[in-house]
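Visitor: I am new to this structure and would like a close look at a single part of it. Could you choose one and lead me through it slowly?

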Amino acid sequence: MVPLTRDFQRRRSTRPGRLTCVYAERLTVRMVIGEAKAIGDSCDVVIVGARCAGAPLGMLLAQRGYTVEIVDRNPVGTDTESTHWIRWPGVRQLQSWGLVPALEKGGCPPIVSASLDFEGRVVAGGPRAGGMAATTYAPRRIELDAMLAAEARDAGARLRERFAVTGLVVGDGRVAGVRGSGPDGPAQLRARVVVGADGRNSTVARLVKSPVVEDRGVLARSLYGYWSGVGERGVRVVFRGRRGISLWPTHHGLTVVSLVFPPEEAPGSGRAAQAEFYTSALREVPEVERALAGGTLTSRPRAAAVRNARRQAHGPGWVLAGDAGHHKDPVSAQGISDAFADAVVLADALDAGLSGSAGLDEALAGYAATRDAQRLEAFAYTCEQAELRPFGADFLDDLDRVTTDEQAVQAFVNTFVGCDAEADAGWLGESH
């Protein structure tokens, strides 16, 4: 869904990562070493998962000359549950990697406006950052993930698709690789570090027995579908009672329309019941019905119910990134940006630990501390919003005043999109 706010001036804790400079001389030396050391069954890092955390991490490490194996149990570009929307912090990260032009060239439309309707009070405008339009995107994951994986491969990382991890290689009390099977049969991949970037049902987290340190359970449910023939060109969000409806333009001329609702309202089992509940809920809101007039639902709605939980982020020879270590309800639409930020901070930490400029365990602990500092406030905030409590009279009265003040409207829209987020620190709080 979307990041809600009852105090629209509240600062967000989710921030875009900051790339540490890769010195040309050090990179050249590592590239020479990498050419001499073929990527085979032994490497510097094995990354399990080739999506929004794993693929960028592999790209960043390979660019620094490390030998990287990325494995994924699915083919690249397989679809997955997602809110689609990349808020401004995540877009800034894509800009720093030079990937926004490729995203647009692939058919993902830019989003330059937002309309937020709280029980009939509408705040609308174009978010801005640094005096310029803050453009965001809502890509299909089949497109975004494939693009990120291609960048990792072009940087020099090896990618094994359809490779299922079934066990760990352990030596001297440390994780030293993974065992699994792919199209070429069983394989053992040894590495100095194993990264679990394989989503909220992480195989790596299960195999290393990473403890759950906080669990708020499932607080909301959602259904989303793809519509053709919808004229919306910006983000549009409508809140009515304990339900929220969002519209985002996405790839191939489609609009993804999401419905979030309390768990107790969940429809009966079966796709037909879900589809009826979804379409009925959209028709019950006249503003949404008008927005979808002339549009066609192109596929059955998909259901999502995300457990809000975070795990211990690292241990001897292993570390978790993205949803594998920290996942929360999509109501705040921060998952993709969080995954990008994890990739940046973890790449810096692994660089320090693998190069010897810091102890490896110290570097992984620094990454974990940074991750928690970046995420804990947003985690609590997301859980609060996922409870979907009705908006109070004071908040709605404040909105009435906001709509009459141009600067207040700009501040509200900027906060919604994430333009007020501060820059990330590097691992251990410093860039190095």
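Guide: What follows is a walk along one helix, and then through loops beside some of the elements it packs against.

The model is predicted, so local features are given at pLDDT of at least 70 and side-chain atom pairs at pLDDT 80 or more, while totals for chains, interfaces and linings use all residues. Residues are numbered from 1 along each chain as its sequence is written, and side-chain values use heavy atoms, with hydrogens and water left out.

The part I have chosen is helix H12, residues 406-417; helices (H or I, at least four residues) and strands (E, at least two) are DSSP runs, numbered from the N terminus. At the start of H12, a side-chain oxygen of Asp405 comes within 3.0 Å of the backbone nitrogen of Gln407, and a pair of N or O atoms within 3.5 Å, one able to donate a hydrogen and the other to accept it, is a polar contact. The end C-alpha atoms of the helix are 17 Å apart, which agrees with the 16 Å that its twelve residues should span at 1.5 Å a residue, the expected span being 1.5 Å times one less than the number of residues. After the helix comes Gly418, with a positive phi near 100°.

Within H12, the buried residues are Ala408, Val409, Phe412, Val413, Asn414, Thr415, Phe416 and Val417, where buried means under 20% relative accessible area, exposed over 50%, and partly exposed in between (1.4 Å probe, protein chains only). These buried residues pack (contact means heavy atoms within 4.5 Å) against helices H3 (88-96) and H11 (393-402), as well as strands S3 (114-118), S4 (121-125), S5 (128-129) and S13 (235-240).

Several of these partners adjoin loops that deserve a look. Most residues other than glycine have a negative phi. In the loop between strand S2 (68-71) and H3, however, His84 has a positive phi of about 75° although it is not a glycine, and at 1% relative accessibility His84 counts as buried. Glu119, in the loop between S3 and S4, also has a positive phi, of about 50°, but Glu119 is partly exposed, with a relative accessible area of 28%.

The loop between strand S12 (221-228) and S13 holds Gly234, which is buried at a relative accessible area of 6%. Beyond its neighbours within four places in sequence, Gly234 is in contact with Ile111, Ser113, Leu247 and Pro249. Gly234 and Leu247 are 13 residues apart along the chain, and their C-alpha atoms are separated by 8.0 Å.
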